[in-house]
Amino acid sequence: MTLEMPKARPGEIRDAVMRALVDAEENTLSLREIISSVDDALGRRVSESSIRSCLNLHTPEVFERVERGRYQLVLTPPIDPAGSQPSTEKPLATVGKARLFYADSLEWLDQRAESSIHGIITDPPYGLVEYTSREQTKLRSGKGGVWRIPPSFDGHQRSPLPRFTTLTTAEIDNLERFFRSFGEKALRVLTPGGHIMLACNPLLSHYVSRALDLAGFERRGEVIRLVQTMRGGDRPKNAHEEFADVSVMPRSMWEPWLLFRKPLEGTVAQNLRTWKTGGLRRISEDQPFGDVIRSGPTRSTERKIAPHPSLKPQAFLRQVVRAILPLGEGIVLDPFAGSGSTLAAAQAVGYESIGVERDAEYAALAADSIKPLSEIQLSGESSK
Ligand SMILES: C[S@@+](CC[C@H](N)C(=O)[O-])C[C@H]1O[C@@H](n2cnc3c(N)ncnc32)[C@H](O)[C@@H]1O
């Protein structure tokens, strides 16, 4: 009597190999380790030759051979689910005065004409790894990875947070290098006197500030978004009861937005005349733009429209976007556009904007979210 091997569902082995690589501690696995994970996942023995042919079939598109017999997942999916190809030239979507590119912003910035952007508002990736496709695959499958998934309470699921405290010295060096290089590219495309405002956090803002200084920007202060976050405030791990009166770090109740300016040509007035940039737009005749803004967490109506893990609220964004163009003229850029919330804010205040997002799912989300986010009515709004 011959024993029949159960038939594999199409794609089952490939999915099990992907899952094993997503969970791998060092992100790579040997062929032996892959075979044993796949056996565990499928609850039966899969022949080595089936796994070898699966790896051969999907390398280099899905898997990458890092050294003899070791594999990892490729970092950037070559084609997005909707079938669009990344492009620095052709926008993925145009919504009102907003143009959205599905592209890598560092490449996009290199293609862009010098002095052709009037202000940059952005919320960049900080861990640098948290928005790689590997970490996004973990997050999307509910695994967490570098993302801390806070416990849910009151029946509410909390949004995942990147774990910045786990960055190593080498990752911090990378972070500084990344912001130096990004800063140099951003400086080139900004008009003289153009401002850049970046969302940051108190643990990393000094590294980012220094990198932008070195890139050639002038520091112009910080805008404090007053917001109760879920960061900090925890008791010591595994000793909650023993040290019930201790928090390891303060519960963070603010978020710094770093403000920098490209050096002026001449005086502020001359720069404003030539380039339309150099200052910040006042809230009203009597009220200058201030550096503390009261804010709440992003509202559930916005999160339903644009379920991005780092979605920023329209109420806050519309204020900073409005301020970044002193005469209300020019183009606002968000090079790490996520769900397109900055573009939506620009649309709401009547500005032209450009967004660049390199993750296919988020780019598609942004294309659908800009309009509904921009149409949200905020109470007491006088932002136009
Ligand atoms: C912190 S999130 C911004 C989310 C945004 N605040 C929102 O409200 O939707 C950063 C985004 O930058 C994207 N990203 C990371 N590196 C990028 C790159 N080199 N070029 C373009 N986008 C990038 C990530 O995919 C992520 O969506």
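Which strand is V292 found in? Select V292 and you land in β12, a strand that covers residues 292-294. Keep in mind as you click around that this is a predicted model.

With V292 still highlighted, add I224 and L226: V292 touches both of them, leaving out residues up to four places away in sequence. Now bring up W254 as well. V292 and W254 are 38 residues apart in the chain, yet their C-alpha atoms sit 9.5 Å from each other in space.

Next stop, S115. Look in the loop that runs between α4 (105-111) and β6 (117-122). Is S115 buried or exposed? S115 counts as buried, because its relative accessibility is 19% and the cut-off for buried is under 20%. To see what S115 is in contact with beyond its neighbours within four places in sequence, show R188, V189, L190, T191 and P192, then add K262 and W275.

Now head over to the ligand. Turn on the residues around the ligand and you should have 22, with S105, D123, S339, S341 and E357 coming nearest. Colour that shell by class and you get 10 nonpolar, 6 polar and 6 charged residues.

Zoom in on a few polar atoms here. On H308, find the polar side-chain atom that lies 2.9 Å from an oxygen atom of the ligand. For S310, switch to the backbone: an N or O atom there is 3.1 Å from a ligand nitrogen. R358 also uses a backbone N or O atom, 3.2 Å from a nitrogen atom of the ligand. Finish with a surface on the ligand: taken alone it exposes 610 Å², and the protein buries 97% of that.

Key: Residues numbered from 1 in each chain as written. Predicted model: local features only at pLDDT ≥ 70, side-chain atom pairs only at ≥ 80, totals over all residues. Heavy atoms only, no water. Helix = DSSP H or I, 4+ residues; strand = E, 2+ residues; numbered from the N terminus. Buried < 20%, exposed > 50% of the residue type's maximum accessible area, 1.4 Å probe, protein only. Contact = heavy atoms within 4.5 Å. Near = heavy atom within 4 Å. Polar contact = N/O pair within 3.5 Å; in protein donor to acceptor, adjacent residues only side chain to side chain. Areas by Shrake-Rupley, 256 points an atom, 1.4 Å probe, with all protein chains shown as cover. Nonpolar A, V, L, I, M, F, W, Y, C, P; charged D, E, K, R; others polar.
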